[in-house]
Amino acid sequence: MTSQTIHWYRYASPGNLYQLAGQLIPWFAVPASALFVVGLYLGLFVAPTDFQQGDAYRVLFVHVPAAWMGMVLYVVLAFYAAVGWVFNARGSSMMASSLAITGAMFTFLALVTGALWGRPTWGTWWIWDARTTSTLILLFLYLGFISLQSAIDDPRRADRAGAVLALVGVVNVPIIYFSVQWWNTLHQGATIRIAGETSMAGSMLVPLLIMIAACWLYSVAVVLARLRCLIRERESLMTRSVVIE
Amino acid sequence: MKPMSSAATLRWLVWREGTLAWRRRSDVLGTLFFFVMVVSLFPLSVGPERPLLRSIAPGVVWVAALLASMLSLNRLFAEDHADGTLEQMLLTPHPIYVIVLGKAIAQWLVSAVPLILMAPLLGVQFGLSVDAPFVLMASLTLGTPVVLLIGSIGAALTLGLRGAGTLTSLLVMPLYIPTLIFGAGSAQAVLVGSSPAANLRLLTAMLILTAIFAPWAAAAALRISLE
Amino acid sequence: MSWLTMPTMGGYGFYVWGSYVLTIAAMVGEVLFLLRRREALRDRQEHA
């Protein structure tokens with residue numbers, strides 16, 4: 001056994017995972033806060049007003065990171081759930097469960113900020129195009145995962161059932177996206193594209209990237225914090241000795 | 001006694017489920033009546049103008065078929081689970097994949113085929129003519145097995161849970177969307193004068209993929225639910 | 001962008017500020033929920 005193997009399996013124990021998560025959180029929370037401040041400043045103040053959309057385009061600095069995180073977190077959730085199922089690793093399954101609420105929240109924010117962006121720019125609160133419809137379906141997938149896990153009392157059954165659902169979901173997401181695009185072109189959906197499609201000026205791209213990074217770091221911190229709560233709730237016997245607070 | 005081959009198991013399962021369903025005819029007919037009634041609600045809610053009804057007919061029939069199929073999902077596993085038969089079935093040496101597939105086929109024959117036969121009549125009620133009702137029927141023939149197979153995964157995951165019926169529906173409805181799009185889309189294509197071939201081909205592809213992978217996922221879910 | 005034009009955002013104030021306030025509120029809310037969950041756990045497990 002190499003030292004790397006030992007290192008990895010050590011954190012399969014929830015007690016060690018709890019400690020690791022606790023150590024990691026500040027390393028993500030502090031940079032996240034800093035990047036948020038910088039990103040908000042640049043996005044709201046410094047970035048120039050858009051020629052076509054006026055200042056309404058600034059919504060994109062929260063909309064795009066939210067949409068991005070919603071999608072990424074679902075894939076990460078499916079990954080952790082699968083690992084937890086295949087390797088029978090409780091810690092991995094608990095990571096998946098911790099990711100769900102944050103992912104759902106970001107997806108919901110993406111939908112709402114998208115509507116707030118759409119109203120002044122496209123003239124309508126909601127549009128049934130491929131991307132918005134797929135984001136809505138993603139929210140349903142998240143809610144399904146959360147509902148299923150909360151309906152099952154036995155934690156291990158909840159973990160594994162969630163893994164099956166998440167895997168089926170993640171495999172279906174490309175199929176769903178393709179079918180919605182198909183449906184959209186058939187019914188001559190709007191050809192309006194958001195500013196993200198055109199090449200972006202550096203002064204707009206930089207705040208956007210900073211906000212995406214900030215949301216990503218925030219997500220890691222929040223998910224690890226939720227993981228710690230979940231470990232404490234589920235493995236109370238094990239962590240009692242580890243919890244120093 | 002020689003153990004049964006998978007094909008024989010399949011035949012036996014279909015025969016068994018069919019016989020049981022026949023003895024509970026009212027359950028099965030209930031699905032059909034639900035389908036007819038849901039479809040009938042739409043003219044009452046949107047008005048009887050022919051052009052409007054014709055344009056929404058494929059969508060309405062398809063959504064009603066989806067809802068009716070979802071209702072029948074609890075008959076897949078829950079009843080056998082309640083009296084312990086399901087666990088006995090899983091103890092046999094037959095792969096769970098075959099058991100799931102057998103139950104899905106039986107359920108399709110018993111619940112979905114009446115819907116498929118009824119659909120063109122309802123389509124005509126909505127003003128569909130010439131090819132459209134038959135394309136609708138074809139799309140349902142290809143799509144309802146997909147719906148049942150995907151639904152079997154949901155039914156297996158929620159086995160024995162409180163509120164399983166509603167929860168199953170919530171879980172599987174997002175997964176039904178591609179089937180719905182291609183299914184309703186095929187009849188709609190006929191309405192606008194283009195060919196339904198692409199939609200039907202995509203539906204066929206979905207059916208093949210689902211028939212291969214869904215019973216496997218449902219089998220895994222059954223094992224998880226029954227441990 | 002000056003301090004004067006900030007609040008109105010060129011007429012789009014409701015949409016831009018609405019989005020940002022909502023986003024920040026959601027994130028802060030999430031953190032607060034987690035803090036509350038941790039407090040509840042501490043109370044429960046200290047008395048055990």
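What percentage of the 227 residues of chain B count as buried? In this predicted model, the proportion is 50%. Chain B contains nine helices and zero strands, and its elements, followed from the N terminus, run α-α-α-α-α-α-α-α-α. The C-alpha trace of chain B extends over about 60 × 30 × 30 Å along its principal axes. Its radius of gyration is 18 Å, which agrees with the value near 17 Å that a compact globule of 227 residues would have. Among the contacts in chain B with a separation of 6 or more, 79% are made by residues 24 or more positions apart.

Within chain B, one glycine illustrates the local environment of a helix. B:Gly143 lies in helix α7, which covers residues 132-157 of chain B. Around B:Gly143, 29 other C-beta atoms are found within 10 Å; because a residue counts as buried when 20 or more such atoms lie within that distance, B:Gly143 is classed as buried. When residues up to four places away in sequence are left out of account, B:Gly143 touches B:Thr179, B:Gly183 and B:Leu203. By contrast with these contacts, the C-alpha atom of B:Gly143 is separated by 26 Å from that of B:Arg50. B:Gly143 and B:Arg50 are 93 residues apart along the chain.

Chain A is likewise described by its helices. It has eight helices and zero strands, giving the order α-α-α-α-α-α-α-α from the N terminus on. Of its 245 residues, 46% count as buried. Residues 24 or more positions apart contribute 80% of those contacts in chain A that have a separation of 6 or more.

The packing of one helix pair in chain A was examined further. Two packed helices are described by the angle between their axes and the distance between the axes. Helix α3 (residues 60-86) of chain A packs against helix α4 (residues 90-122) of chain A at an angle of about 155°, and their axes are 7 Å apart. Because angles over 145 degrees count as roughly antiparallel, α3(A) is roughly antiparallel to α4(A). The crossing of α3(A) and α4(A) is left-handed. The contact of α3(A) with α4(A) is made up of 20 nonpolar residues, 10 polar residues and one charged residue.

Chain A also takes part in contacts with other chains. In the contact between chain A and chain B, 22 residues come from chain A and 21 residues from chain B. On the side of chain A that touches chain B, at least two residues are supplied by each of α5 (130-151) and α6 (155-186) of chain A. The most is given by α6(A), with 14 residues. By class, this side of chain A consists of 16 nonpolar, four polar and two charged residues.

A further contact joins chain A and chain C. Here, 27 residues of chain A are in contact with 20 residues of chain C. The side of chain C that touches chain A comprises 12 nonpolar, five polar and three charged residues.

Technical notes. Residues numbered from 1 in each chain as written. Chains lettered and ligands numbered in written order. Predicted model: local features only at pLDDT ≥ 70, side-chain atom pairs only at ≥ 80, totals over all residues. Contact = placed C-beta atoms within 7 Å. Helix = DSSP H or I, 4+ residues; strand = E, 2+ residues; numbered from the N terminus. Nonpolar A, V, L, I, M, F, W, Y, C, P; charged D, E, K, R; others polar. Buried ≥ 20, exposed ≤ 12 C-beta atoms within 10 Å, placed from the backbone. Axes fitted to C-alpha atoms, helices over the stretch in contact; angles between N-to-C directions. Parallel < 35°, antiparallel > 145°, perpendicular 65-115°, else oblique. Left-handed = near helix turned anticlockwise from the far one by under 90°. Rg over C-alpha atoms; globule rule 2.2 N^0.38 Å.
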